[in-house]
Structure formats: C-alpha cells, structure tokens
Amino acid sequence: MATKYVYFFGNGDADGDESMRAELGGKGANLAQMAKKPLSLPVPPGFTITTDVCQEFYKLGRKYPAGLAKEVDVYLAKLEAAMGKKLGDEKDPLLVSVRSGAAISMPGMMDTILNLGLNDKAVLGLAAKTGNERFAWDAYRRFIQMYGDVAMGVDHDKFEAIIDEVKAIRGIKDDPELNVDELKLIVEKYKKMYKKEKGEDFPQDAKVQMWGAIGAVFGSWMNPRAIKYRKLNNIKEGALKGTAVSVMAMVFGNKGNTSGTGVCFSRDPSTGENVFMGEYLMNAQGEDVVAGIRTPQKLSQLEKENPKVYDQLCKIRARLEKHYHDMQDMEFTVEEGKLYMLQCRNGKRTGAAAVKMAVDMVAEKLITKEQALLRVEPEQLNQLLLPQLDKEAVKKATEIAAGLNASPGAGCGQIVFTADEAEAWAKEGKKVLLVRKETSPDDIAGMAVAQGILTSTGGRTSHAAVVARGMGTPCVCGCADVTFKDANTIVVKGKSYKKGDFLTIDGATGKVYEGQVAVKPATISGDLETFLGWADEVRAKSSRTTASGQKVKGFDVFANGDTPKNAEDAFRFGAKGIGLCRTEHMFFDEPKLTAFQKMIVSEDTEARKANLAKILPYQQKDFYEIIKAMKGYPVTIRLLDPPLNEFIQAESKDQLKALAEKLDIKPAVLAAKVAALDEHNPMLGHRGCRLAITYPEIYEMQVEAIARATAKLDKEGVAHEVQIMIPNVVSYREVEQIRGQAEAVIANVNKECGTNLKFAIGSMVEFPRTALIADKVAQFADFFSFGTNDLSQTTFGFSRDDYGKFIESYLDQRILEDDPFATLDPDGPGALMEIAEAKGRSVKKNLHLGICGEHGGDPASIALCYKLGLNYVSCSPFRVPLARLAGAQAVIKAKK
Ligand code: PEP
Ligand code: MG
C-alpha cells in the first residue's frame with residue numbers, strides 16, 4: 001500500500017489520533033483526538049500532512065513526494081464538503097489556516113498563515129455573505145501581510161509602514177479604528193508594494209496560495225530560530241522527522257463584539273495551582289494574543305461577559321485533563337458566540353508548577369507516583385533552587401513598578417534593551433536584565449543569557465512569558481509603567497533609567513525594584529520534599545543486572561564538596577554522602593596557603609615534614625567539620641591531586657619578589673623552584689598519587705589529619721564513616737604502596753588515641769589503563785570512583801582546559817552529538833567503565849562503584865551510570881535534587 005501522507009479531522013471524526021504524534025505532530029494528533037469520539041469537541045475540520053512529507057521534502061531538495069498533490073486534493077475536497085464551501089469561491093469562499101506542529105512542541109518557532117483563500121473577488125463574496133464588509137477587508141489585509149511576510153519573505157516592516165502611513169493620514173491611533181475605505185486603501189498599497197518587491201502580482205489563485213503556505217511551513221522547520229530552539233532545548237537533529245502541516249477551516253474571532261480568541265491553561269502554569277486561568281481578546285485573531293501587541297483580558301472576565309461560553313470552556317478543561325492526565329494549554333476562538341477549540345497540548349510550566357501539579361495529580365488519583373516522577377524535567381528543579389529575594393532586603397528596596405508575575409525567581413542585572421546587547425554584555429561576564437516592549441522568537445539567544453526579562457506589553461501567554469518559563473528565567477511582563485524613551489533609556493513613572501543601570505525583578509510577584517536587591521537561597525520543603533522523597537524510594541528499591549552479570553541494588557546520590565558549608569548544603573539537598581572532597585581546595589586561603597607554599601619550596605624531606613606538620617592542624621579541623629556535617633553518611637576524602645606548581649604562581653618579577661618575601665626565602669631560590677616545577681603539560685605531569693610516590697610524607701600528613709579528626713569525633717560519640725581515595729592511579733602497585741603507608745599511619749593514630757578506626761581505601765579510575773587493569777587494582781582497593789573529567793580527557797585526548805576552542809565546531813558540524821565533558825560518552829569512557837565494572841567485580845563481587853566527575857550531575861550520564869551498575873553518582877551540592885530525580889527516572893525508564 002502506498003504511504004498515506006494526509007489525515008482528516010473534524011465533524012466528530014478523524015483518521016488519526018493522539019498515538020500518531022510522530023507522524024501528525026503534537027498539534028495534528030491532538031486536533032484529531034479532540035475531534036473524534038469520545039471527546040467530540042468542537043474543532044473546525046481540516047487535514048494534516050505528515051512529518052514524513054517534511055522529511056521527504058528535505059531529502060528531495062525541497063520537493064514533495066510523488067502522490068502528495070493528489071492526496072491533498074482528495075482531502076481538500078473532503079474539507080470543502082464538510083464546510084459546504086469551496087476554496088477560492090468568489091461568492092462564499094472557504095478560508096483556511098495553515099499551521100505548523102512537530103512531535104515536540106516548539107512554541108512560536110515555526111510559521112502559521114491565517115485567512116488563506118482570499119483574493120480580489122473572494123473578499124467581495126465574503127463581505128456579501130457575512131454582511132460584514134469591514135471584517136472581510138480586514139481579513140484580506142491580514143492575509144496579504146502574513147502571506148507576504150511568512151511565505152514570500154517580504155519585510156514585515158514594509159507592511160507596518162503602510163498601515164502607519166494610512167493611520168497618520170487619517171489621524172487614527174489603533175488598528176480597530178480603521179474603517180472599510182481605509183482597509184481597502186491599505187490592501188491596494190500592500191499589493192502595489194508586494195509587486196514591487198516580488199516582481200509579480202499577489203497570487204489570486206487560492207490553490208497557489210495554499211501550496212505557497214504549505215511550502216513556507218515546511219521551510220520554517222529549518223529556519224535559524226527553529227534550529228536554535230532545538231539546540232537550546234537539546235532536541236537532537238534526527239530525533240524528529242520534521243514538522244507536520246495542518247490545513248484547517250478558519251473560524252473568526254474578529255467578527256465583531258460577540259467574537260474573540262484566547263489561550264487558557266487548565267492549571268496555573270506559573271504556580272501549578274488547580275485554577276482555570278487564561279487570557280483572551282474580543283474582536284481579534286490568535287496572533288494578536290500571542291504577539292503581546294494588545295494586553296488581553298483575564299479569563300475570569302469572560303465568565304462575566306459570556307457565561308455560556310465560559311461554562312462550556314470549563315467543561316472542556318475538565319474533560320481534556322481527564323483524558324490527557326496532564327495540564328492542558330488550549331487555544332480557542334469564539335465566532336459570533338460559538339466556541340471552537342483550535343489546539344490543545346500539554347502545557348509548558350515552571351519547575352515549581354511542574355512539581356506541584358505532579359504531587360496534586362497523584363493525590364487526585366489522576367496519575368501514579370512513577371508517572372509523576374517522569375513529569376518533571378530534572379533541569380527544571382534548578383528553578384526551585386533559584387535564589388529568592390531576601391524578605392528583609394525587599395522591605396528596604398524601592399519598588400518602582402509592577403507587571404504580571406510571568407515566571408518565578410529573582411532576577412537582578414544591568415538593563416539592556418536588545419537581545420544582541422544582552423548576548424554581548426553577557427559574553428563580557430556582566431549580569432544583564434533584558435528589558436523589551438515585547439519579545440519575539442528572534443530574541444531567544446539574548447533571553448537565554450539574561451538573569452531576568454521585563455516587558456512593557458503582553459500577558460502571561462505572551463512569547464516572553466512562555467519562553468522565560470521554559471528556560472526557567474525570571475520574567476515580569478505587561479509592565480505598562482515602563483516606556484522606551486530612546487535606544488539607551490527607559491522611563492518608569494517619570495524617572496529615567498539608562499542602559500547599564502541595575503534593576504531587580506521578582507518573577508513570583510511581578511514587582512520591579514530599583515538597583516540590586518539581595519537574594520537568598522531556596523530550601524527543600526513542602527511538595528518538593530514529598531516529590532523527591534518518591535524519587536529516593538524508587539532508587540532505593542531499584543535493582544538491575546549489569547552487562548557482566550552482577551546484580552546491583554539501589555542507586556544513591558552523593559555530593560562533591562570541599563568545605564563544611566558545601567557539606568551542609570549537600571546534606572540539606574538530600575545527598576547521602578560526600579563522593580569527592582578535593583583536599584587541595586582547602587589550601588587556597590590563608591594561613592593555609594602560605595604553610596602549603598612553604599612546604600612546596602622546602603629544601604629537603606626534613607624541612608618538608610616540618611612544614612607539613614604546621615598544615616596538619618588546619619587539615620584536621622576542616623576534615624572534622626565536614627565529617628560532622630554529614631551526620632554519619634560516608635565522606636570520601638581524596639588525597640592531594642593537582643600539580644604543585646598551581647600553588648606557586650609568580651609571573652612577573654614583582655610577584656616573585658613579593659612571594660619570596662612572604663615565604664622568607666631568597667628570590668633567586670624561589671625562581672629556581674618555580675623553574676623546576678614548570679611542566680609542559682601539568683595535567684599529565686607530576687600530580688595525583690605521583691606526588692606521593694616521590695614525596696610520601698604529603699599523603700602521610702593528610703592521612704594522619706583524617707585519622708585524628710575521625711578519632712576526635714569518635715570520642716565525642718559523633719557518627720562517622722570516612723573513606724580515603726587515591727587519585728590518578730595507573731598501576732596497582734601505586735595503590736598497594738600508598739595503602740601500606742596509610743595503614744601504618746592509621747595504626748599509629750589508633751594506638752595513640754586508643755581508637756580502633758578503620759577506613760575504606762579506594763582508587764579513582766581516571767585513565768584508560770586503570771580501567772583495563774581494574775582486576776589488579778581491585779585487589780588493593782576497597783572501592784572505585786570514576787573520575788570522568790580526566791577519564792574523558794585521556795580517552796578523547798582532548799585537553800579539558802583547552803577544548804573550548806574547537807568543541808562548538810564539533811557540535812555544530814555534528815561530528816560529536818554532545819560535549820564529552822558535559823555528557824558522558826557511552827562509546828569511549830562509558831565503555832571503559834563497563835570494563836572496569838566487570839574486571840573490578842570479578843575480584844570483589846560487591847566492589848562499591850561511584851562517579852565523581854562533573855557528569856555525575858548530568859541526567860543522561862546519570863542514566864548511563866545506573867545502567868553500568870554504579871552504586872552512586874556524586875555531583876555538586878546544588879545539582880543533588882536534580883540527580884535524585886534523574887536517577888529515579890533512569891530506574892523507571894530502565895523497567896519499561
Ligand atoms: C575527575 O577527573 O573526574 C575528577 C573528579 O578529578 P578532578 O576533576 O579533580 O581532576
Ligand atoms: Mg581527576
């Protein structure tokens with residue numbers, strides 16, 4: 001059977017349904033589902049051309065597959081029959097909209113054309129048939145503008161200039177005041193301008209118009225903003241077949257005061273509350289609401305203005321939620337008092353709303369806990385951990401204006417007025433607040449780098465609001481008190497603010513403050529606590545068999561932390577241990593730095609030991625506090641890792657002199673030391689356990705500090721579980737030797753303190769060789785921790801400090817799909833980890849495995865770690881909630 005390219009919907013029936021999202025796109029699939037039984041909602045009839053056609057279109061060099069035109073003819077005839085009207089008919093024309101829609105919604109990124117089918121004759125027919133001449137001419141001028149701009153690439157501003165010119169001649173302020181004659185004049189001028197621009201008349205044949213629009217929509221799949229959107233949202237090229245195109249009978253919200261159009265949400269997308277909310281405009285078409293040109297009315301007003309339609313909409317809200325088991329974002333049009341549904345989809349929401357809805361829907365028995373856990377994108381949790389305005393600071397702050405609370409969080413930065421400026425300033429390291437009249441899809445790159453977004457027009461469903469919520473960026477929109485004076489100045493209630501001045505917005509309340517208002521960190525409580533508790537349960541109960549046949553139970557989340565403050569944050573965010581405590585970070589502040597530097601420049605072992613003895617109490621105190629903060633959860637302390645030259649930097653003569661003075665040695669001696677420490681490639685040089693092979697006293701001091709800190713806690717009756725980790729291992733002999741030295745130190749401390757402390761001593765796996773000899777290393781190691789930063793560096797042979805120079809080109813040209821330092825590569829380091837797991841556990845069946853590279857906080861990498869049979873992932877404290885959820889999602893998805 002030949003491939004079916006076109007699917008019908010409408011009149012209580014449809015060929016497709018919601019299971020066909022991949023082919024019909026989200027919009028097409030949901031239109032079909034809404035139209036057919038049992039929902040049978042009032043959907044204007046239409047047909048959807050599949051995403052397969054889009055795929056073919058690009059494969060064939062922007063040509064359609066054979067047979068498509070014929071199939072479209074058949075479905076157009078069906079649509080015409082359903083409507084009792086014909087496309088291009090001069091007396092009673094059928095008008096259609098041509099809409100885009102991929103399987104994953106990409107709001108506002110691709111093209112849509114409305115009012116298609118009008119020409120010089122059909123406009124007269126439409127006027128006569130509807131008895132509404134103004135409506136007909138307004139529709140025609142809108143169509144020429146949209147078709148000209150979207151399908152034919154005529155500059156949008158050229159159309160706007162004509163409207164402004166006519167308005168100026170007639171002394172008119174707003175578009176709705178334009179009368180029939182003025183609209184006719186605009187149409188005349190539009191057509192003339194179009195001919196000048198395109199060298200041909202505006203197309204009068206409705207079929208030509210339709211194919212032009214279909215081509216434009218398919219073409220918009222590859223427009224720069226859609227490509228950028230997919231990149232920003234991590235939608236891989238090839239993951240989707242493209243966009244579908246839905247051709248749908250027009251219904252009109254601009255037919256006068258009993259008509260209107262709106263967007264609504266079945267729950268509040270900002271807070272997640274179970275309230276019906278939305279916005280609409282009377283006597284308008286859809287694009288007027290979304291573009292944020294006029295500030296719309298709240299849905300609650302519709303209840304007063306048209307209770308019948310409102311009631312019907314409420315019933316549809318309930319039915320759609322029950323059907324989709326999720327919050328719905330719906331578009332509707334009221335044509336002369338009759339309600340039509342134009343779209344429904346699972347609504348985008350803030351992180352806070354996503355968690356609240358998920359928890360509420362479980363209580364309402366609409367979804368299961370596992371479904372709830374899959375409802376929230378791990379990255380969205382970052383928004384819940386966004387700093388909030390400090391309540392005390394707010395009391396003292398100067399509130400200058402208020403708009404709509406469109407996306408939560410506190411955003412503070414230097415104001416800029418274009419997306420390009422936002423990008424440029426952010427590149428210089430500045431924190432910016434993007435202030436715009438309204439935003440458009442062209443602004444997304446600037447929006448992505450802004451601390452917050454403030455707009456003067458537009459509602460909660462405007463582009464700015466929707467995109468900001470998706471990005472988790474604080475946003476206040478529709479703030480009418482903000483006016484734009486010139487390219488460098490805004491005025492708020494009479495006071496000017498220049499580009500670069502600081503403003504602060506509170507996306508949760510909609511308030512705008514002068515200057516920089518202090519912010520404070522968030523906590524985990526309420527719904528978030530409940531939700532993450534479910535995630536912990538799922539991970540705790542999990543079990544899988546690895547490729548090597550080992551059965552592994554549970555999947556924990558630890559944190560990387562080097563200070564007592566880090567440990568407290570980690571504990572507060574629910575970490576079940578510290579997977580990496582980098583001891584070198586403890587030496588970066590005084591007086592520890594000086595003591596450490598003196599140790600480095602020591603002339604001989606005796607002097608080095610004497611200096612190390614001075615450092616010991618500092619280390620011991622740090623360890624004591626970190627272990628205590630973790631209340632008995634494991635703390636993995638890594639012995640010194642980086643090259644020593646990182647601590648002795650003296651680039652100029654003056655710096656050298658000052659440092660020599662501080663360390664109480666001669667500049668010439670220091671210069672010789674600096675020269676001796678210099679390495680061509682310090683990352684692969686004298687670092688990690690190689691330092692302990694040449695200077696065993698360094699690790700001995702560290703182990704003694706660990707043992708003494710633990711002994712103190714032990715005597716105080718404080719719970720502790722401490723593990724000692726050796727970095728940069730490449731040979732089992734390193735572990736054997738360092739382990740022996742450490743055990744001797746521990747035995748001494750036990751003897752002296754009368755304790756019986758035992759420490760697990762483990763090895764990091766950071767180089768291919770270590771993974772390949774993991775069975776030998778495991779004989780001397782109690783655990784492994786994968787240092788995937790170095791493991792990725794040495795597997796790829798990319799310097800982790802320098803790869804920034806070329807990685808963008810690799811990603812843009814799709815040589816690599818992901819940045820290997822952000823997402824663990826399953827074929828390189830991932831494959832080595834699989835070998836290490838199998839070899840390590842072949843020696844020690846229950847060998848504990850973890851990851852402490854940056855990948856431990858990346859959802860895709862977490863899923864790979866689960867699959868590989870790791871017992872835990874360890875990430876930075878602020879990513880712990882995300883990892884708790886991502887780990888649970890990995891467990892649930894692995895079961896499917
Ligand atoms: C690693 O290499 O992954 C690691 C955790 O060690 P560091 O980043 O400190 O080199
Ligand atoms: Mg490392």
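Q: Donors are N, O and S atoms within 2.8 Å of the metal (3.2 Å for Na, K and Ca), and water is not among the atoms, so sites may look incomplete. With that in mind, what makes Glu766 and Asp790 protein donors of the magnesium ion (ligand 2)?
A: Glu766 (OE) and Asp790 (OD) lie 2.0 to 2.1 Å from the ion, and the limit that applies to magnesium is 2.8 Å, so both count as donors. Bear in mind that this is a predicted model, where local features need pLDDT of at least 70, side-chain atom pairs count only at pLDDT 80 or more, and totals for chains, interfaces and linings use all residues. Residues are numbered from 1 along each chain as its sequence is written, chains are lettered from A and ligands numbered from 1 in the order in which they are written, and side-chain values use heavy atoms, with hydrogens and water left out.

Q: Where in the chain do Glu766 and Asp790 sit?
A: Glu766 is in the loop between strand 33 (760–765) and helix 29 (768–772), and Asp790 is in helix 31 (residues 788–796). The pair, 24 residues apart, links distant parts of the chain.

Q: Why is Gln723 called buried?
A: Buried means under 20% relative accessible area (1.4 Å probe, protein chains only). Gln723 has 11% relative accessibility, so it counts as buried. Glu766 and Asp790 are buried too. Gln723 belongs to strand 32 (residues 721–726); beyond its neighbours within four places in sequence, its contacts (heavy atoms within 4.5 Å) include Pro634, Ile637 and Phe783.

Q: Why are helix 5 and helix 7 called roughly parallel?
A: Helix 5 (residues 133–151) and helix 7 (residues 180–198) pack at an angle of about 20°, with axes 9 Å apart. Angles under 35 degrees count as roughly parallel, over 145 as roughly antiparallel, 65 to 115 as roughly perpendicular and the rest as oblique, so this pair is roughly parallel. Helix 5 passes helix 7 in a left-handed crossing. Their contact involves, among others, Trp137 and Ile144 of helix 5 and Leu183 and Tyr190 of helix 7. By class, its residues divide into nine nonpolar, two polar and six charged.

Q: What makes helix 5 and helix 8 oblique?
A: Helix 5 and helix 8 (residues 206–220) pack at about 45°, their axes 10 Å apart. That angle falls in none of the other three ranges, so the pair is oblique. This crossing is left-handed. Phe143, Tyr147, Val150 and Ala151 of helix 5 meet Val208, Gln209, Gly212, Ala213 and Ala216 of helix 8. Here there are seven nonpolar, two polar and no charged residues.

Notes:
Axes fitted to C-alpha atoms, helices over the stretch in contact; angles between N-to-C directions. Helix = DSSP H or I, 4+ residues; strand = E, 2+ residues; numbered from the N terminus. Left-handed = near helix turned anticlockwise from the far one by under 90°. Nonpolar A, V, L, I, M, F, W, Y, C, P; charged D, E, K, R; others polar. Buried < 20%, exposed > 50% of the residue type's maximum accessible area, 1.4 Å probe, protein only.
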